[in-house]
Every structure is written in structure tokens, then in C-alpha cells.
Amino acid sequence: MQTSGSEKPAMEVRGLSFAYGRNKVLKDVSLKIEEGKITTIMGANGCGKSTLFSLMTKNLYARKGKIFLRGKNIQNLNLKEFARQVSIVQQYNTSSDDITVERLVAFGRTPHRKPMQGKSEEDERLVEWAMEVTGILEYRDREVSRLSGGQRQRVWIAMALAQNTKILFLDEPTTYLDIRYQIEILELVRKLNKEFGITIIMVLHDINQAIYFSHEVIGLKDGFVEFQGSPEEVIDRKSIKELYGIELDVTQIDGKKFVLTV
């Protein structure tokens, strides 16, 4: 396993294993997520990406291994404490048909409110900021159900931004989007990282999008970390063959690695 470490990681996984019954999905996984970077988890179907994502976001509990958020075991954080530090956009999201964009984005402020507490000026400011950054201000009064897939994804990201955290998890944020909206969403992710210093951890299926939009990639295979590092360091013909079981040529375009998938 190739790695590139950080003395003070945003998150760290140590010796993590997980099984569904007798099916061992993750096997002694250890990795570090560096602060202020975009890190993408990639690998073939069934490699453990979704399970690792769920464990790192407290949607699953591992009996073996530990996950640390800035040095604190996440098992010792309740969901509200966790949500004040980490925001998450899941792959599948649903909302009621009549909820407006602004109302949905405002739910992002829930972890910061006390019971029965109304909206504060800070809540309103952050909801406005989140809609502005994601380019959805003009849809604020429109029902989310009336938006296109790309627009809806921006709304879910805006809700996560309204939480005002410095770590954002995205589970396959480009799924079901056409290529235009895929690139727009990934450009937005890059903007959030570059302009606002948000640490991004995401799962992507597209190899070249993972390479192009990430500072670091983590390759999972059969429940193990096959490699971790910058795309320039770890992506080559051999590592792609190890990860996906297929020989594909790797070239350079504008100084970036590019995998020829056809």
C-alpha cells in the first residue's frame, strides 16, 4: 500500500474491519484523510466503498477498529455533536413534494439549534450564503420536486453547507446526472475546497473524474486499501489493473493523468 500521510489528519481510520454476517467487506483498513484536501475513494463494485463511507459517517458501527475525527473517536460523539463538525450528502435523497428550496436548505441548521428554538440571524445568514455559493438563490421559493437533477443536487449540497462544517462527505454526487451537470457539481466541489477550505471526502465511480478533481485518491480492492496518494503518484497501468482487473492505458493530458477506458 502506498500512502502519503499528514501529522494532523482531519480523519483517521485504524484497523477497521466490517462484515455483513459471514461476508467480510472491510479487512483491517487504515488510512488518513488530510485536512484541506479533496480525497476520493474509488474501486470496483463490491470493493467496500459504500461500507467505508457509511462507517466514516456514523451510519454503521464497526466492532473492530476505530475512526477518529481530529483525534476524537467518533463513537464517543453523539449524532448532533458529529453533525456540528461533519456534513454529509448521501447518494439517495428524498424530500416531500411541497417543500421549497429555502426550507430544505434551512434544515442544515438543525444540529446547531436547541429544542423549540426559532431561526437566529446566524441561521438566516448561513442559509443565504449556502444558496448563494451553490447558485440556487433564484429557486429559493420553488418546490424541490420541480427542479432538475443537477439543481436538486445543488440544493442538497447547500443544505450540507448550511451546517457550517469544515468536512463534507459526498457519496457519488454525480450519479444519474448527465455529463454537463456532473462537471458542474465537481467544479462546485473544487470551489468549496479552494475558496472555503472545506475538506472533501467523496466516492466516485468515474476514474478520470476522480483523478482530475482530487488531491488524493484511495483505491479499495476486496476490502483492503490497495493504494493511497496523489493521482500522479499512484495511478498507472499496474494500479488500475490491480483495482479493476482490466488492462487500460494511462496517458497524460494537460499535465494530468488520464485513463483510456475505451
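The following paragraphs describe the cores, strand pairing, buried segments and salt bridges of a predicted model.

Residues are numbered from 1 along each chain as its sequence is written, and side-chain values use heavy atoms, with hydrogens and water left out. Because the model is predicted, local features need pLDDT of at least 70 and side-chain atom pairs count only at pLDDT 80 or more, whereas totals for chains, interfaces and linings use all residues.

The largest nonpolar core (a set of buried Ala, Val, Leu, Ile, Met, Phe, Trp, Tyr and Cys residues joined through side-chain atoms within 4.5 Å) holds 49 residues, of which Val 101, Val 105, Met 202 and Ile 235 touch the most other members. Here buried denotes under 20% relative accessible area, exposed over 50%, and partly exposed in between, with a 1.4 Å probe and protein chains only. The most is given to this core by helix H5 (residues 149–162), with 8 residues; helices (H or I, at least four residues) and strands (E, at least two) are DSSP runs numbered from the N terminus. For Val 105, when neighbours within four places in sequence are left aside, contacts (heavy atoms within 4.5 Å) are found with Val 127, Ala 130, Met 131, Ile 136, Val 155, Ala 158, Met 159 and Ala 162. A second, separate core comprises 29 residues, including Met 11, Leu 16, Ile 33 and Met 56.

Strand S3 (residues 38–42) has 5 of its 5 residues buried, so this strand is largely enclosed by the rest of the structure. Ile 38, Thr 40 and Met 42 point one way from S3, while Thr 39 and Ile 41 point the other way, and all are buried. Strands are taken as paired if DSSP finds at least two bridges between them. By this criterion S3 runs parallel to strand S8 (residues 199–203), to which 4 bridges join it, and Thr 40 has Met 202 as its bridge partner in S8. Pairing of S3 with strand S9 (residues 216–221) is likewise parallel, over 4 bridges, with Gly 219 of S9 as the bridge partner of Met 42.

An open sheet of 4 strands, with antiparallel pairing, follows the order S2-S1-S4-S5. Strand S2 (23–33) and strand S5 (72–73) stand at its edges, each with a single partner strand, so one side of each is left without a neighbour in the sheet. Within this sheet, strand S1 (residues 11–20) and strand S4 (residues 64–69) are paired in the antiparallel sense over 5 bridges, and Leu 69 in S4 is the bridge partner of Met 11.

Among the helices, H1 (residues 49–56) has 6 of its 8 residues buried, so H1 is largely enclosed by the rest of the structure; the buried residues are Lys 49, Thr 51, Leu 52, Phe 53, Leu 55 and Met 56. Just after H1, a positive phi of about 65° is taken by Lys 58. Asn 193, located in helix H6 (residues 179–196), counts as buried at 8% relative accessibility. Not counting residues up to four places away in sequence, Asn 193 touches Gly 36, Lys 37, Ile 38, Ile 198, Ile 200 and His 215.

The count of salt bridges, each defined by a side-chain nitrogen of Lys or Arg within 4 Å of a carboxyl oxygen of Asp or Glu, comes to 16. In one of them, Asp 123 is joined to Arg 109, with the closest N and O atoms 2.7 Å apart. Asp 123 lies in helix H4 (residues 121–133) and Arg 109 in the loop between helix H3 (101–106) and H4, so the pair ties together parts that are 14 residues apart in sequence. Asp 123 is buried at 4% relative accessibility, as is Arg 109 at 5%. Arg 140 forms a salt bridge with Glu 128, the closest N and O atoms again being 2.7 Å apart. Since Arg 140 lies in the loop between H4 and H5 and Glu 128 in helix H4, this pair ties together parts that are 12 residues apart in sequence. Arg 140 is partly exposed, at 21% relative accessible area, and Glu 128 is partly exposed, at 31%. Finally, Arg 237, Lys 241, Glu 247 and Asp 249 are linked in a network of salt bridges.
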